[in-house]
Amino acid sequence: MSVDDSHEHGQPAGGSNFLRNLIAEQIASGEHTGAVVTRFPPEPNGYLHIGHAASICLNFGLAEYFEGACRLRFDDTNPDAEDQEYIDSIQADIRWLGFEWDGEVRYTSQYFATLYDYALHLIAAGLAYVDELSPDEIREYRGTLTEPGKDSPYRDRDPAESKAMFEAMARGEYAEGTACLRARIDMAAGNINLRDPVIYRIRNKAHHQTGDTWCVYPSYDFAHGQSDAIEGVTHSICTLEFEDHRPLYNWLLEHLPVPAQPVQYEFARVNLNYTITSKRKLRRLVEEQIVDGWDDPRMPTISGIRRRGYTPASIRAFCDMVGVSRSGGTVDAAMLEHAIRDDLNKNAARAMCVMDPLKVVITNWPAGHVETLTARGHPDRDDMPERDLPLTREVYIEKADFREAANKKYKRLVLGKKVRLRNAYVIEAHDVVKNEAGEVVEVHCTYDPDTLGDNPADGVKPKGVIHWVSASHGKQALVRVYDRLFAVENPSREDDLLDGLNPFSLQIHPGCWIEPGLADVAAETRVQFERTGYFVADRYDHAAGAPVFNRVVALRDTWAKIEQRGA
RNA sequence: UGGGGCGUAGCCAAGCGGUAAGGCAACGGGUUUUGAUCCCGUCAUGCGCAGGUUCGAUCCCUGCCGCCCCAGCCA
């Protein structure tokens, strides 16, 4: 009944893409020799999301393909936003996706001393200076997109003086914002990143890794390329918005005594419709308790997707399907759903669950009689164990599977008509019991004892098959039916993010009936409730005897389409 | 009116001068004790637009148009 790990960690990740082709050419032409070394460089300031999965698959996939190495390096240059909680969750998510980084976990903060020396080197070469302009003044001096900036009055400060001041900054002798170190490049550059970028700033705050050792911290730009060089990263892959930083990345590498010359490459980040992948916005959903935490099953975080019931293999397959390119776009969420349906169709055991119960009494079945039927674990896999299905006089079926009258398109139970109980006998409805409100609360049927595995003697094969659970032998379960968190295609376009929320993103069904064998499965066991969808025993809330299932994704439902057209 | 990118079907994406892969979605049909799966079929005389080069252009050239990113002491 369980989906074991062999299904979750199977194929190597990564299909063909422009970067893989590029590296292959570099190797073929001799432009690149030695190992291909990549890195995944998250800042530990939030949880990883589906967009990060693409980067993880790319970086680890490339290393795997070229038999090189991919490291995990926390880009922890800003103690303000970072936290150990994120460091832990990021590592867990990467491992869950099925990847293992080369060697120990790295931290950019490990290189703070080296980076500090690099800064001194730049100062000595006259390529960096301590600026005492205020943050506001620096912004004014930077110019605009169309107007060049102007030089800071401190730009020509004597290197010896800059050195002394920078050292004083590091000793904590300056307040935050009163001084910073800037690279001396070109205040008139069209590329704003080259207008004397700030490369070191003062932060009087303890760092989660280095404690109180430092009062000055390198900027992303001053840390990233040098860290890549120190680690021997050969291909530093990032997203398109960093393309404008590449000239700066290269400038620093050229002017510093670094041990290697890594090269930066960019690819387009993946967007998914009906969702958001902005850490800031995701954090808002968590903080305002719109969702139940970073790992709420509706969140596009790796941990949320995991709790929703997606498999690592399905995420990797999705990333392969989407591909890697430089043209940004928005992928249809249907592709993600396809990836998990495809995996679970092959690997999830089948079972029956009645979510909206209607009692059926089989009037020609002896009271108290129990017949234990067997059913396949999977329609086309013999390696999955069969299951026992106790059939009794009273069973539950879905309310939606019965109508007093219906046209021929409706292939379920109708008064006076026959239908097959899945894995069991053909029954025929002959009477209903209604409550004061006129609602059907019970259907009385008879069963045909000659129809187990056979068609009725009259040769008329029932068109429909419905699922059921024994009223006396079934177990109760809580089932959460999840739908997309947002009802609008592009939630970021809303005036207020919350305006786009889907009010029906979670519907709780407390009174479901599941077949008895399902009550004691392990947490995170995935199963298909036949005719309904794929479900997972909740990672945290599920317990033996008190089952809780989350709907991963519904089965494709062509009947719903037909119904909609008819209606 | 600065700099950097990107435009191939509803969506993602191959293609690199020789006559438009593949996947998702959609739509037909077949099988089926899941209206699932599976199988078969349909879906760009067209590659943002306009010129040019060429025997031949999605691919090369020119000019337009559209969209995205950049003015944190964030990453």
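**Figure 1. Base contacts to RNA strand B.** A base nitrogen of RNA strand B is 2.5 Å from an N or O atom in the side chain of Gln528. The model is predicted: local features need pLDDT of at least 70, side-chain atom pairs count only at pLDDT 80 or more, and totals for chains, interfaces and linings use all residues. Residues are numbered from 1 along each chain as its sequence is written, chains are lettered from A and ligands numbered from 1 in the order in which they are written, and side-chain values use heavy atoms, with hydrogens and water left out. Asp244 also reaches a base: an N or O atom of its side chain is 2.6 Å from a base nitrogen of RNA strand B. Lys409 uses its backbone instead, with a polar backbone atom 2.9 Å from a base nitrogen of the strand. A polar contact is a pair of N or O atoms within 3.5 Å; within protein, one must be able to donate a hydrogen and the other to accept it, and residues adjacent in sequence count only if both atoms are side-chain atoms.

**Figure 2. The protein surface around RNA strand B.** Surrounding RNA strand B are 68 residues, the closest being Thr77, Ser325, Arg350, Arg422 and Lys461. Sugar and phosphate make up 65% of the strand atoms that come within 4 Å of the protein. A residue is near the strand if one of its heavy atoms lies within 4 Å of it. The surface near the strand divides into 22 nonpolar, 22 polar and 24 charged residues. Here Ala, Val, Leu, Ile, Met, Phe, Trp, Tyr, Cys and Pro count as nonpolar, Asp, Glu, Lys and Arg as charged, and the others, Gly among them, as polar. Six elements each supply at least two residues: α6 (135-141), β6 (198-202), α12 (312-322), β11 (329-331), α13 (333-347) and α14 (558-566). Helices (H or I, at least four residues) and strands (E, at least two) are DSSP runs, numbered from the N terminus.

**Figure 3. The second largest pocket.** The second largest pocket has a volume of about 820 Å³. Of its 26 lining residues, Pro41, Glu43, Phe242, Arg269 and Lys279 are the closest to its centre. β1 (37-40), α3 (50-65), α8 (220-231) and β8 (235-239) give two or more residues to the lining. The lining holds 9 nonpolar, 10 polar and 7 charged residues. The search runs on a 1 Å grid over the protein atoms alone; a pocket is an open set of points where a 1.4 Å probe fits, with protein on both sides within 12 Å along at least five of seven lines, and lining residues have an atom within 4 Å of a point. Grid points are joined across faces, edges and corners, and the volume is the space filled by probe spheres set on the points.

**Figure 4. Thr108 and its surroundings.** Thr108 sits in the loop between β3 (106-107) and α5 (112-124). Thr108 counts as buried because its relative accessibility is 0%. Buried means under 20% relative accessible area, exposed over 50%, partly exposed in between (1.4 Å probe, protein chains only). The Thr108 side chain makes a polar contact with the side chain of Asp75 at 3.2 Å. Beyond its neighbours within four places in sequence, Thr108 is in contact with Arg73, Phe74, Asp75, Asp76, Thr77, Leu115, Ala223 and Ser227. Contact means heavy atoms within 4.5 Å. Arg184 lies 76 residues from Thr108 in sequence and 23 Å away in space, C-alpha to C-alpha.

**Figure 5. Arg155 in its loop.** Arg155 belongs to the loop between α6 and α7 (159-170). Arg155 is buried, at 11% relative accessible area. Its side chain makes a polar contact with the side chain of Asp196 at 2.7 Å. A polar atom of the Arg155 side chain also lies 3.3 Å from the backbone oxygen of Ile185. Leaving out residues up to four places away in sequence, Arg155 touches Tyr129, Arg184, Ile185, Asp186, Met187 and Asp196.

**Figure 6. His32 ahead of β1.** His32 is placed in the loop between α2 (18-29) and β1. His32 is buried, with a relative accessible area of 11%. Its side chain reaches two backbone oxygens, that of Gly34 at 3.3 Å and that of Ala35 at 3.1 Å. Not counting residues up to four places away in sequence, His32 touches Gln26, Ile27, Thr234 and His235.

**Figure 7. Positive phi at Asn423 and Arg531.** Asn423 has a phi near 65°, a positive value in a residue other than glycine. Asn423 lies in the loop between β20 (418-421) and β21 (426-434) and is partly exposed, at 25% relative accessible area. Arg531 has a positive phi too, near 70°. Arg531 is found between β27 (526-529) and β28 (533-537), in a loop, and is partly exposed at 37%.
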